[in-house]
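Me: I should like to take a close look at one part of a structure. Please set out the whole briefly before turning to that part.

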Amino acid sequence: MRAEEAPGPGLAVDNRMYLVLPARSANLSLARAAVAAFAAQLPFTVEDLEDIKVAVSEAVSNVILHAYGPAGGDVAVTAALRGHDLEVTVEDNGCGIADVSQARQPSFTTCPDRMGLGFVLMESFMDQVDVASAPGRGTRVKMCKASSEHRAQGGGRETNGGEPPHPAL
Ligand SMILES: Nc1ncnc2c1ncn2[C@@H]1O[C@H](COP(=O)(O)OP(=O)(O)O)[C@@H](O)[C@H]1O
Ligand SMILES: [Mg+2]
């Protein structure tokens, strides 16, 4: 995927970011904070922004832990604002996932020291999670979340009012 890729027809992208980093744990907090700061342009609650950070952390951690062998590789993090929706993709060119449905099951892991809850957390903190993967070619995780005032049950919670990112970011 290239940074200059245009959005699909009919999808008005109000803003977007594209970050490519070596898939190393040293870059995890940068990826998480960058997406949260970007998302804070929408009226997400502080709680929402924390949820987004967890979901991005899980997706990027998976690339760091699972996608590449010792030679390493890059992780590409894209975020786009469409109206009141945030869309985040986390992508790699690594080993891919042979069985995506199995990988998304709670407690499934290929690493004995892991919990196998990354995809479950992404699903619980975001409105929608799509995983596309091809063995030997890589994985793309696409996650969407609507900002609170545009959710059916979103009333009554504190929002950041579209102000610059919360200081906790
Ligand atoms: N980007 C990725 N590249 C290769 N395999 C992945 C990737 N993301 C997830 N996986 C596979 O899916 C499994 C489940 O992921 P997850 O639910 O995050 O649990 P965990 O990371 O604790 O193993 C991983 O153990 C791994 O086998
Ligand atoms: Mg994981």
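Which pattern does the protein follow when it is read along the sequence? After that, please examine closely the open sheet of five strands.

Reply: Read along the sequence, the protein follows the pattern β-α-α-β-β-α-α-β-β. The model is a predicted one, in which local features need pLDDT of at least 70 and side-chain atom pairs count only at pLDDT 80 or more, whereas totals for chains, interfaces and linings use all residues. Residues are numbered from 1 along each chain as its sequence is written, and chains are lettered from A and ligands numbered from 1 in the order in which they are written.

The secondary structure amounts to four helices and five strands; these are DSSP runs numbered from the N terminus, helices being H or I of at least four residues and strands E of at least two. The protein has 169 residues, of which 31% count as buried (20 or more other C-beta atoms within 10 Å of the residue's own, against 12 or fewer for exposed and a count in between for partly exposed, with C-beta atoms placed from the backbone). Among the contacts in the protein with a separation of 6 or more, 69% link residues that are 24 or more positions apart (a contact has C-beta atoms within 7 Å).

The sheet itself is open, and its five strands stand in the order β1-β2-β3-β5-β4 with antiparallel pairing (two strands pair if DSSP finds at least two bridges between them). Strands β1 and β4 are at the edges with a single partner strand each, so one side of each has no neighbour in the sheet. On average, neighbouring strands of this sheet are turned by 10° against each other, direction ignored (axes are lines fitted to C-alpha atoms, for helices over the stretch in contact, and angles run from 0 to 180 degrees between N-to-C directions).

Let us follow the sheet from β1 to β4. Strand β1, residues 15-22, pairs in the antiparallel sense with β2, residues 74-82, over eight bridges. In this pairing, arginine 16 stands opposite alanine 80 of β2. Strand β2 is in turn joined to β3 by eight bridges, and the two run antiparallel. Here alanine 80 has glutamate 87 of β3 as its bridge partner, while arginine 82 is matched with aspartate 85 of β3. The hairpin of β2 and β3 has two residues between the strands, and glycine 83 takes a positive phi near 60° there.

Strand β3, residues 85-92, also pairs with β5, residues 138-146, in the antiparallel sense and over eight bridges. Aspartate 92 stands opposite threonine 139 in β5. The remaining pairing joins β4, residues 128-134, to β5 through seven bridges, again with antiparallel strands. Alanine 134 has glycine 138 of β5 as its bridge partner. Three residues lie between the strands in the hairpin of β4 and β5, where glycine 136 takes a positive phi near 85°.

Which helices bear on this picture? Helix α2 packs on the sheet and touches β2, β3 and β5, with a direction that makes about 10° with that of β3. Helix α4, residues 118-125, has Gly118, Phe119 and Met122 as its buried residues. Seen down the axis of α4, these buried residues fall within an arc of 95°, so they line one face of the helix (the arc is that of the directions from the helix axis to the C-beta atoms). They pack against α2 (46-67), α3 (100-103), β4 and β5.

The two helices also meet the ligand. Both α2 and α4 supply at least two residues of the shell around ligand 1, and α2 gives the largest share, six residues. Of the 22 residues around ligand 1, Asn62, Thr109, Thr110, Arg114 and Gly118 come nearest (a residue is near when its C-beta atom, placed from the backbone, lies within 6 Å).

Another residue beside these elements is leucine 28, which lies in helix α1, residues 28-39. Leucine 28 counts as partly exposed because it has 18 C-beta neighbours inside 10 Å. Not counting residues up to four places away in sequence, leucine 28 touches Ser57, Val60, Ser61 and Ile64. The C-alpha atoms of leucine 28 and serine 57 are separated by 6.6 Å, although the two are 29 residues apart along the chain.

How values were computed
Two residues are in contact if their C-beta atoms, placed from the backbone, lie within 7 Å.
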